[in-house]
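Subject: Structure handover

Hello,

Here is the structure I said I would pass on. Please look it over before reading the notes underneath.

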Amino acid sequence: MREQEQWNLKDIFENKEAYDREKENCEKLLQDIKEKEGSLAKGSENLENCYRTYEKALCSYERIYSYAMLYYHIDMAKPETIKLYQEAENLGTKFSEMTAFIEPELLEMEEEKLQAYIQNPRLQK
């Protein structure tokens, strides 16, 4: 593929090192989310903190995945691009695993309690 027809990956990450730093940051955010397991019903601030961290992790992961996927599609036979894409796919699996507790915890909460949490102005931003 000619260079002028390739994706400009620098719009996402300046270089592979920046990608690696963001991947490390995303993994830390996922760990922070996982540490909130079992606490969502213990106060609206717990729910807010969990969702704020979730939003950051999701934005981070979307950048990581976009970069890896676009890089992979430049040359799908290159081992380096395959490895990067597989890492992003694995991070997506980890994302799902680390956040899987959120929905069940919310579903277990009493409806009135959840509605009261949702009315918290900080959760409406």
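The notes below go from the whole chain to single residues.

Please keep in mind that this is a predicted model.

Overall build

The chain holds five helices and zero strands. Read from the N terminus, the order of its elements is α-α-α-α-α. Its radius of gyration is 18 Å, well over the 14 Å that the globule rule gives for 125 residues, so the chain is more spread out than a compact globule. The C-alpha trace spans about 60 × 25 × 20 Å along the principal axes of the chain.

Of the 125 residues in the chain, 37% are buried. Among contacts in the chain with a separation of 6 or more, 76% are between residues 24 or more positions apart.

Surface and charge

The chain has an accessible surface of about 8100 Å². Carbon and sulfur atoms account for 49% of that surface. As for charge, the chain carries 18 positive and 27 negative charges, and the mean positions of these two sets are 5 Å apart.

Cysteines

How many disulfides does a search of the whole structure find? The search finds zero. Cys50 is in no disulfide, and the nearest cysteine sulfur, that of Cys26, is 14 Å away. Cys50 counts as buried because its relative accessibility is 0%, under the 20% cut-off.

Why is the sulfur of Cys59 not bonded to that of Cys26? The sulfur of Cys26 is the closest cysteine sulfur to that of Cys59, but the distance is 10 Å, too far for a bond. A disulfide here would need the two sulfur atoms within 2.5 Å. Cys59 is partly exposed, with a relative accessible area of 48%.

The segment before H1

Two residues from this part of the chain are worth a look. Trp7 lies in the segment before H1. Leaving aside neighbours within four places in sequence, Trp7 is in contact with Leu70 and Ile74. Trp7 and Ala57 are 50 residues apart in sequence, and their C-alpha atoms are 24 Å apart in space.

Ile12 also lies in the segment before H1. With residues up to four places away in sequence not counted, Ile12 touches Arg63, Ser66, Tyr67 and Leu70. One of these, Tyr67, is 55 residues from Ile12 in sequence, yet the two are 6.4 Å apart in space, C-alpha to C-alpha. Is Ile12 buried or exposed? Ile12 is buried, because its relative accessible area of 19% is under the 20% cut-off. Leu70 is a contact of Trp7 and also of Ile12.

The loop between H1 and H2

Ser39 has its place in the loop between helix H1 (16-34) and helix H2 (44-74). Which residues does Ser39 contact, leaving aside its neighbours within four places in sequence? They are Asn46 and Glu105. The number of Asn46 falls within the range of helix H2 (44-74). Ser39 has a relative accessible area of 16%, so it counts as buried, the cut-off being under 20%.

A position in helix H2

Leu58 is found in helix H2. At 29% relative accessibility, Leu58 counts as partly exposed, whereas Ser39 in the loop is buried. Leu58 and Phe95 are 37 residues apart along the chain, and their C-alpha atoms are separated by 8.4 Å.

In short, the chain is made of five helices and zero strands, is more spread out than a compact globule and has zero disulfides.

Regards

Key
Residues numbered from 1 in each chain as written. Predicted model: local features only at pLDDT ≥ 70, side-chain atom pairs only at ≥ 80, totals over all residues. Heavy atoms only, no water. Helix = DSSP H or I, 4+ residues; strand = E, 2+ residues; numbered from the N terminus. Buried < 20%, exposed > 50% of the residue type's maximum accessible area, 1.4 Å probe, protein only. Contact = heavy atoms within 4.5 Å. Rg over C-alpha atoms; globule rule 2.2 N^0.38 Å. Areas by Shrake-Rupley, 256 points an atom, 1.4 Å probe, with all protein chains shown as cover. Lys, Arg positive; Asp, Glu negative; His and termini not counted. Charge placed at Lys NZ, Arg CZ, Asp CG, Glu CD.
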